[in-house]
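Hello,

Here is the structure for you to look through. Please open it first, then read my notes below.

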Amino acid sequence: MELTDMTGDDSIVMTNPYASYGNQVTGPDFVGRTDQIRSIRSRVFQSYGSASSSIVGPPRVGKSSLARELLDRYAVGRNPRGLTFLPLWITVMGRETEQSLFRELARSVQRWLERNAEADADRVKPSFDRLDGVVEWDDLAIYLGEYLREVRYCGYQVVAVLDEFDAAGKLFRRAAPFELLRTIAYDDKTRVALIVTSRREIGDIIVRSTPEVSNLHQIFGVPVQPGCFRPTELTALIARSPHESEEFRAAAFAWLSRETGGQPFLASAWLSQLHDTLADHSPEPAELDALFSAAERACASVTVHHHEQMLELLRDEGRLNTLLEVLFGPRVTVGPADADRLEKEGLIRRTSSGWAAFSETFQRYLTLLERKVDDWPLWQKTETGLRDALADALRAAYGDDWEIRVSEAQPRIGAECEKRRKQARVGLGEPAAGDTFLEWAFPKELLEIMTLHWVYVEPFFGRELPEWAERIELVASVRTPMAHNRRAAKTPREMEDFRTACREILEWLSIPAAGRPRPALR
């Protein structure tokens, strides 16, 4: 246990090993990431060609720390080709012109040579000076290539980390800068091995930046995606604590696994707050739960900010509803590939019953988050799916003249629907192809039709009539007031019941029943 005199008097406090959370973590403090390190080390540092690699993941997952650890640990000595590693770090965020990144690359190389290999620095300085004096883009590209070729000829393998590369999406507004990066990284005579960190994959950044085509993303291989800590990594993080009792460490592991999911930043922040409280004493087993709860409350704003950062990225990409559908249903627009991607990004995890958010804290936060999809569009999708399924069932039962058969059996409903259809034609013209009178039926009328013809349509619906009736009647009670003022006169509990009923109807309609194939909900 490490003790430190922090007050200048007789008071002794225990060092908080997590106090610098939020900064890059390297050296003895770096935890885990064995698979990711192995992958990038093999591709960038141990291969004869020194290829490039990308580290992609949501905010605060440790991308920059991983890149720094790789650079510090392996960008030393020589590569298999016999070239001396020349490591650089460039933060893309904050740069104002597309040329500034490339000029900083050359200046960083030159500064490294001046500090570590003065003779070689003098040898390539004329090329550097020519590059430093040009203004036009085409001249910059030409002279940068000449300078890097000379550096490589002198026996150096440049390894450059481009941190926060998402900023390139605003910095570069055309394909040329992306293509120049590709050229200096791909050409064997220049071969700058790039390690890029970003929240989005490089191909997405390029597409968002310019309509022009660039193949930069093709040189990076499969992105490395550090997610939440695995159990062994979280155990190693907790092992840095000066409190060594097995009871404390086991309880801390259970707490952090449950509430942070092993998210590196959150786990470190919560541990830091906990150790500030325990600076002058070791915890008693009986007080652990209270201490954990107090640390969690103290970090509430940090936790919420982290969650919002992740959700803002999903909102910007149009994938927030994808996350919500995977976790809460109904899974109408998402598929297995969507869930797999969210899992790789560290946002969700598999459970015995399906999927859950990466932590219980995040799960609770998402349950309080109102979908961007409004309640009215949710009902419209439900209503459309129900009408389509009922029309298919009636067509299968009675043939193409099913509308006539149903109108004869239930003339009031048929007449009302036809009246609404004629009124709509005044403003809309002729009905669309495939339009049926069910398009103009209200929820209760759909239920009446379903009930009267249940013996024929039952195979299409896969569940008992009372189950359908319960949900359709519930949404019908909300539909009319909502048509005039969305949530008028309805309590939050009633609206939540309405959403649940809509999701269940959509879920049931998405499952093939005995009498119909899987429908294409629209």
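Keep in mind that this is a predicted model.

Start with helix 4. It has 16 residues, from 118 to 133. At 1.5 Å a residue, helix 4 should span 22 Å. Its end C-alpha atoms are 22 Å apart, which agrees. Now look at Lys-125. Helix 4 bends there by about 50°. A proline, Pro-126, follows within four residues.

Which residues of helix 4 are buried? They are Asp-120, Ala-121, Val-124, Ser-127, Phe-128 and Leu-131. An α-helix has 3.6 residues a turn, so residues three or four places apart point the same way. The cover over the buried residues of helix 4 includes helix 3 (98–116), helix 5 (137–153) and strand 5 (156–163).

Next, the sheet. It is open and has four strands, in the order 3-6-5-4, with parallel pairing. Strand 3 (53–56) and strand 4 (84–91) stand at the edges. Each has a single partner strand, so one side of each has no neighbour in the sheet. From one strand to the next, the twist averages 15°. Strands 4 and 5 run parallel and are joined by eight bridges. In that pairing, find Pro-87: it stands opposite Val-159 in strand 5.

Last, the cysteines. A disulfide is a covalent bond between the sulfur atoms of two cysteines. How many disulfides does the model have? The count is zero. Cys-299 is buried, because its relative accessible area is 3% and the cut-off is under 20%. Cys-154 has 21%, so it counts as partly exposed.

Best wishes

Methods: Residues numbered from 1 in each chain as written. Predicted model: local features only at pLDDT ≥ 70, side-chain atom pairs only at ≥ 80, totals over all residues. Heavy atoms only, no water. Helix = DSSP H or I, 4+ residues; strand = E, 2+ residues; numbered from the N terminus. Expected span 1.5 Å × (residues − 1). Bend = angle between axes of the 7 residues up to and from the residue. Buried < 20%, exposed > 50% of the residue type's maximum accessible area, 1.4 Å probe, protein only. Contact = heavy atoms within 4.5 Å. Pairing = 2+ DSSP bridges. Axes fitted to C-alpha atoms, helices over the stretch in contact; angles between N-to-C directions. Disulfide = S-S within 2.5 Å.
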